[in-house]
Amino acid sequence: MLTERCCLTLQVLGRLLGITQRTIRVVHQLSGGRFSPRKLIPVNPKTLGDHLLLKRIEADLSQLEMALKARVSEHTVRAWEHDRSLPTEGQWRALADILRFELAFPKS
């Protein structure tokens, strides 16, 4: 009798663990799926966007705050961090001042 309870308990726990590992994706009808998923904080930054994201987080700035300081749109900052575009040389200098780094301007 006791072993039946243990087996039942293990089955229930196994089902619960399976639920916690699932990802639910919801697309709001009005958004049309135009919102991109949030980029995770990279553990091993490999791209320019990963490095910019980490530097922005270290500086404790939101995308909007960084955009205002760099005099660009928030969409532009998001595009840089998602590696969809690169900053110009002038924008790169502004980023270096804001985020306090000294990297050579990236060659595309």
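# Reading a five-helix model

Mentor: Start at one residue, E74. Leave out residues up to four places away in sequence, and E74 touches Q63, L64 and A67. Keep in mind that this is a predicted model.

Trainee: How far apart are E74 and L64, in sequence and in space?

Mentor: They sit 10 residues apart in sequence. Their C-alpha atoms are 5.3 Å apart in space.

Trainee: Where is the place of E74, and is E74 buried or exposed?

Mentor: E74 belongs to helix α4. To judge exposure, look at relative accessible area: under 20% is buried, over 50% is exposed, and in between is partly exposed. E74 has 32%, so it is partly exposed.

Trainee: Let me step back. How many helices and strands are there in the protein?

Mentor: Count 5 helices and 0 strands. Along the sequence the pattern reads α-α-α-α-α. The protein has 108 residues, and buried residues make up 22% of them.

Trainee: How do I read the way α3 and α4 pack?

Mentor: Use two numbers, an angle and a distance. For α3 and α4 the angle is about 110°, and the axes are 8 Å apart. Angles of 65 to 115 degrees count as roughly perpendicular. So α3 is roughly perpendicular to α4.

Trainee: Which residues make the contact between α3 and α4?

Mentor: From α3 come Q63, L64, M66 and A67. From α4 come E74, V77, R78 and E81. You have met E74 already: Q63, L64 and A67 are the residues it touches.

Trainee: Next, charges. What is the general idea of a charged pair?

Mentor: Side chains of opposite charge can pair when their charged atoms come close. The cut-off for a salt bridge is a nitrogen-to-oxygen distance within 4 Å.

Trainee: How many salt bridges does the count come to?

Mentor: It comes to 4. Take E74 again. E74 forms a salt bridge with R78, with the closest N and O atoms 3.7 Å apart.

Trainee: Why can E74 and R78 be described as one turn apart?

Mentor: Both lie in helix α4, 4 residues apart, so about one helical turn separates them. R78 is partly exposed, with a relative accessible area of 27%.

Trainee: What about K55 and E58?

Mentor: Their side chains meet in a salt bridge, 3.8 Å from N to O. K55 and E58 are 3 residues apart in helix α2, about one helical turn. K55 is partly exposed at 29% relative accessible area. E58, at 60%, counts as exposed.

Trainee: And which helix holds E89 and R93?

Mentor: Both are in helix α5, 4 residues apart, about one turn of the helix. Their side chains meet in a salt bridge of 3.7 Å, N to O. E89 is partly exposed, with 44% relative accessibility. R93 is exposed, with a relative accessible area of 52%.

Trainee: Stay with α5. Which of its residues are buried?

Mentor: Helix α5 covers residues 89-99, and its buried residues are W92, L95, A96, I98 and L99. Now look down the axis of α5. The buried residues fall within an arc of 165°, so they line one face of the helix.

Trainee: What does the face turned away from the buried side carry?

Mentor: That face of α5 carries the exposed residues R93 and D97. R93 is the partner of E89 in the salt bridge above.

Trainee: Then what covers the buried residues of α5?

Mentor: The cover includes α2 (48-58), α3 (63-70) and α4 (74-81). Take L99 as a case. Leave aside its neighbours within four places in sequence, and L99 is in contact with L52, K55, R56, A59, L61 and M66.

Trainee: What is the general idea of a nonpolar core?

Mentor: In soluble globular proteins, nonpolar side chains tend to be buried together. Here the largest nonpolar core has 14 residues. Those with the most contacts inside it are L52, L95, L99 and F101.

Trainee: Which helix gives the most to this core?

Mentor: Helix α5 does, with 5 residues. α3, α4 and α5 each supply at least two.

Trainee: What happens just after α5?

Mentor: Look at the backbone there. R100 takes a positive phi of about 55°.

Trainee: One last number. How many contacts join residues at least 24 apart?

Mentor: Consider contacts between residues at least 6 apart in sequence. Of these, 44% join residues at least 24 apart.

Key:
Residues are numbered from 1 along each chain as its sequence is written. This is a predicted model: local features need pLDDT of at least 70, side-chain atom pairs count only at pLDDT 80 or more; totals for chains, interfaces and linings use all residues. Side-chain values use heavy atoms; hydrogens and water are left out. Buried means under 20% relative accessible area, exposed over 50%, partly exposed in between (1.4 Å probe, protein chains only). The arc is that of the directions from the helix axis to the C-beta atoms. Contact means heavy atoms within 4.5 Å. A nonpolar core is a set of buried Ala, Val, Leu, Ile, Met, Phe, Trp, Tyr and Cys residues joined through side-chain atoms within 4.5 Å. Axes are lines fitted to C-alpha atoms, for helices over the stretch in contact, and angles run from 0 to 180 degrees between N-to-C directions. Angles under 35 degrees count as roughly parallel, over 145 as roughly antiparallel, 65 to 115 as roughly perpendicular and the rest as oblique.
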